[in-house]
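The exercises below invite a careful reading of one structure, with each task followed by a solution that goes step by step. Please look over the sequence and the structure before starting.

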Amino acid sequence: STTAYDNDNIFAKILRGELPSHKLYEDDETFAFMDIMPRGDGHFLVIPKKPSRNILDVAPDSLAAVMRTVQKLGRAAKEAFDADGLTVQQFNEAAGGQVVFHLHVHVIPRFEGIALRP
Ligand code: 5GP
């Protein structure tokens, strides 16, 4: 069984415009914004607009929309930052490293020989 979605999580508030964010992109199903504690230059997050706690409860169509946006913006970011690669990362439940309980995918431009910040 999965835990219920919390309507007052930080990303729900960002989606409702109750908290500010540096928005990169938005479409009917997804929203993308810069991570407030970037682990590398250009680190951003992609989230579904539909309330979803993580990969365990998200509807497949919503997950597909998130990954389409990850690919679209990931390609653009690799180009814009002249990066050598991209790290795409996603955490589920506290034991899996999740801190904010609205599904999000991390996208981080990567450069040869440069480690991610902790
Ligand atoms: P995770 O759940 O993936 O382990 O971590 C949550 C991520 O969200 C972290 O990378 C953190 O820096 C980011 N984050 C947490 N709070 C905020 C916020 O208020 N605004 C933005 N833009 N990012 C946040």
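**Exercise 1: Around the ligand**

In this predicted model, 13 residues lie around the ligand, and those that come nearest are Ile36, Met37, Gln98, Val99 and Val100. Work out how the residues of the shell around the ligand divide into nonpolar, polar and charged.

Solution. Begin with the nonpolar group, to which 8 residues of the shell belong. Continue with the polar group, which has 4 residues, and end with the charged group, which has 1.

**Exercise 2: The two sides of a helix**

Find which residues of helix H2 are buried, and decide how they are placed around the axis.

Solution. Step one is to locate the helix: H2 runs over residues 60–80, has 21 residues, and reaches 30 Å from its first C-alpha to its last, which is close to the 30 Å expected at 1.5 Å a residue.

Step two is to list the buried residues of H2, namely Ala65, Val66, Thr69, Val70, Gly74 and Ala77. Because these residues cover an arc of only 165° around the axis, they lie on the same side of H2.

Step three is to ask what this buried side meets: its residues pack against strand E1 (23–26), strand E2 (30–34), E3, strand E4 (85–89) and strand E5 (105–110). The face turned away from the buried side carries exposed residues, and these are Pro60, Asp61, Arg75, Ala76 and Glu79.

**Exercise 3: Leu45 and Pro51**

Decide whether Leu45 is buried or exposed, and then carry out the corresponding check for Pro51.

Solution. First place Leu45, which lies in strand E3, residues 44–48. Counting around it gives 24 other C-beta atoms within 10 Å, and since 20 or more are needed for a residue to be buried, Leu45 is buried. Leaving aside neighbours within four places in sequence, the contacts of Leu45 are Ala32, Phe33, Asp35, His104, Val105 and His106. A further distance can be read for Leu45 and Gln90, which are 45 residues apart along the chain and have their C-alpha atoms separated by 9.6 Å.

Next place Pro51, which is found in the loop between E3 and H2. Here the count is 18 other C-beta atoms within 10 Å, so Pro51 is partly exposed. With neighbours within four places in sequence again left aside, Pro51 is in contact with Tyr5 and Ala12. The C-alpha atoms of Pro51 and Phe33, which are 18 residues apart along the chain, are separated by 17 Å.

**Exercise 4: Positive phi angles in loops**

For Asp82 and for Glu93, state where the residue is placed and how exposed it is.

Solution. Take Asp82, which stands just after H2, in the loop between H2 and E4. Asp82 has a positive phi of about 50° although it is not a glycine. Because Asp82 has 8 C-beta neighbours inside 10 Å, it counts as exposed.

Then take Glu93, which has its place in the loop between E4 and E5. Its phi is also positive, at about 65°, although Glu93 is not a glycine. With 14 C-beta neighbours inside 10 Å, Glu93 counts as partly exposed.

**Exercise 5: The annotated span**

Find which residues UniProt lists for "domain: HIT", and describe that span in the model.

Solution. The unreviewed UniProt entry lists residues 10–117 for this domain. In the model, the end C-alpha atoms of residues 10–117 lie 22 Å apart, and the span is 25% helix and 23% strand.

Terms used
Residues numbered from 1 in each chain as written. Predicted model: local features only at pLDDT ≥ 70, side-chain atom pairs only at ≥ 80, totals over all residues. UniProt positions renumbered as here; feature names shortened; annotations may be inferred. Helix = DSSP H or I, 4+ residues; strand = E, 2+ residues; numbered from the N terminus. Buried ≥ 20, exposed ≤ 12 C-beta atoms within 10 Å, placed from the backbone. Contact = placed C-beta atoms within 7 Å. Expected span 1.5 Å × (residues − 1). Arc of directions from axis to C-beta. Near = placed C-beta within 6 Å. Nonpolar A, V, L, I, M, F, W, Y, C, P; charged D, E, K, R; others polar.
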